Amino acid sequence: MVATVSEVLTVGFFPGAFSAKLTRLHGPNRLGAVHAAKQLSAHPISQARDWIEDAQSIAVLTGAGISAESGIPTFRGPGGLWNNRRPEDLATPQAFARDPKLVWEWYVWRRERVAAAQPNPGHQALAKVEARGVQCTLITQNVDGLHRAAGSRNLLELHGNLWRERCVVCGREVENHDSSARPLPPRCSCGGMLRPGVVWFGEALPAAAIDQAVQAAQHCDVFLVCGTSAVVYPAAALPQRAIAAGARVIEVNLEETPFSQFAHVSLRGKCGELLPQIIRVPPCPESLI
Ligand code: APR
């Protein structure tokens, strides 16, 4: 089954079969039958902290909200990128075919925002889970590269990366961190047009990344869902998979999302404030201080 990303183009997608196309959730009740028990024996923050501390295997799904405190705009909600722009004009293969210069100008603008940004305490807390030595898979929908900059290494970038470019003719991929002025659209050495190395609506996700993400969701003890509106599939299906496989699922978000009612613990607040509270870093042994 192919997995494509869709928010605007694919209608009536999910539940049941897992598809890897970018797809939007239509309405809050599509999460279906999976319902989590919510009998907590402790305060939600302590409970989340204990579960994370006891876990041998952790999977994390992040979205634009985790980078908001680094100054990167989210897609939806106040100030979101899709408030005054249409994905159909900027984030589809059809848009690129119609006006590659316009699409590139938008990506250059986004690169400039990201180039000026630093990882925040939310990114840093997640990098520390990996550093603790437990199995940790960080699955992100973000293309900004801030998780890697924070030190995360076991990272699956489901929607690609803002700094990658791919030739539409020969398929060659390059990484380019230089966002200085150049004629747009840029060209490959073969003469073909380069496109941003991200996954647009209606396109397939990288097969290996989505396969590994599904595996991580199905085999973790704890699944953390951080700063995502949980409306874009297939990423939004991963927490449901984790619940179905018996994991404890913790959501961290400023607002309630369609997924909140299914999370075992749903924490309201900023990733940069809550993640450092629930991810305890073991103190340095005195001999190392
Ligand atoms: N801390 C926690 N949550 C936050 C914060 C914060 N500081 N700031 C915003 N949020 C939450 C919002 O409440 C919202 O639920 O982050 C979420 C951001 O949602 P979206 O803008 O929809 O971003 P995301 O879920 O990553 O979007 C998925 O949509 O357009 C596509 O491809 C794009 O990868 C993106 C996908």
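This is a short chat about the pockets, a helix contact, a salt bridge and some backbone details of a predicted model.

Visitor: Pockets to start. How much space lies in the largest pocket?
Guide: About 960 Å³. The lining counts 49 residues, and the closest to the pocket centre are Ala64, Gly65, Thr74, Phe75 and Arg76.

Visitor: Which element gives the largest share of that lining?
Guide: Helix H5, with 6 residues. H5 covers 100–115. Helix H2 (65–68) and strand E11 (248–253) also supply at least two residues each.

Visitor: And how do the residues of the lining divide?
Guide: Into 27 nonpolar, 14 polar and 8 charged.

Visitor: What about the second largest pocket, how much space lies there?
Guide: About 200 Å³. It is lined by 14 residues. Closest to the centre are Asp144, Gly145, Asn161, Trp163 and His177.

Visitor: Which elements give two or more residues to that lining?
Guide: H5, helix H7 (146–150) and strand E6 (160–167). So H5 contributes to the linings of both the largest pocket and the second largest pocket.

Visitor: What is the lining of the second largest pocket by class?
Guide: There are 6 nonpolar, 3 polar and 5 charged residues.

Visitor: Switching to helices. How do H1 and H10 cross?
Guide: At roughly 60°, with their axes coming within 8 Å. H1 spans residues 44–54, and H10 spans 271–278. That crossing makes H1 oblique to H10.

Visitor: Which residues meet there?
Guide: From H1, Ile45, Ala48, Arg49 and Ile52. From H10, Leu274, Gln277 and Ile278. By class, the contact has 5 nonpolar, 1 polar and 1 charged residues.

Visitor: Salt bridges next. How many does the structure hold?
Guide: It holds 10. One of them pairs Glu53 with Arg280.

Visitor: How far apart are the closest N and O atoms in the pair of Glu53 and Arg280?
Guide: They are 2.8 Å apart. Side chains of opposite charge can pair when their charged atoms come close.

Visitor: Where do Glu53 and Arg280 sit in the chain?
Guide: Glu53 is in helix H1, while Arg280 is in the segment after H10. The two are 227 residues apart, so the pair links distant parts of the chain.

Visitor: Now the backbone. Is the peptide bond from Leu184 to Pro185 cis or trans?
Guide: It is cis, with omega near 0°. Pro185 lies in the loop between strand E7 (173–175) and strand E8 (194–198).

Visitor: What about the bond from Tyr233 to Pro234?
Guide: That peptide bond is cis too, with omega near 15°. Pro234 lies in the loop between strand E10 (232–233) and helix H9 (238–244).

Visitor: One more. What is phi of Ala230?
Guide: Near 55°. That is a positive value in a residue other than glycine.

Visitor: And where is Ala230 found?
Guide: In the loop between strand E9 (222–226) and E10.

Methods. Residues numbered from 1 in each chain as written. Predicted model: local features only at pLDDT ≥ 70, side-chain atom pairs only at ≥ 80, totals over all residues. Heavy atoms only, no water. Axes fitted to C-alpha atoms, helices over the stretch in contact; angles between N-to-C directions. Helix = DSSP H or I, 4+ residues; strand = E, 2+ residues; numbered from the N terminus. Parallel < 35°, antiparallel > 145°, perpendicular 65-115°, else oblique. Contact = heavy atoms within 4.5 Å. Nonpolar A, V, L, I, M, F, W, Y, C, P; charged D, E, K, R; others polar. 1 Å grid on protein atoms, 1.4 Å probe; cavity = no way out; pocket = protein on both sides within 12 Å on 5 of 7 lines; lining within 4 Å. Points joined across faces, edges and corners; volume = space filled by probe spheres on them. Salt bridge = Lys/Arg side-chain N within 4 Å of Asp/Glu carboxyl O.
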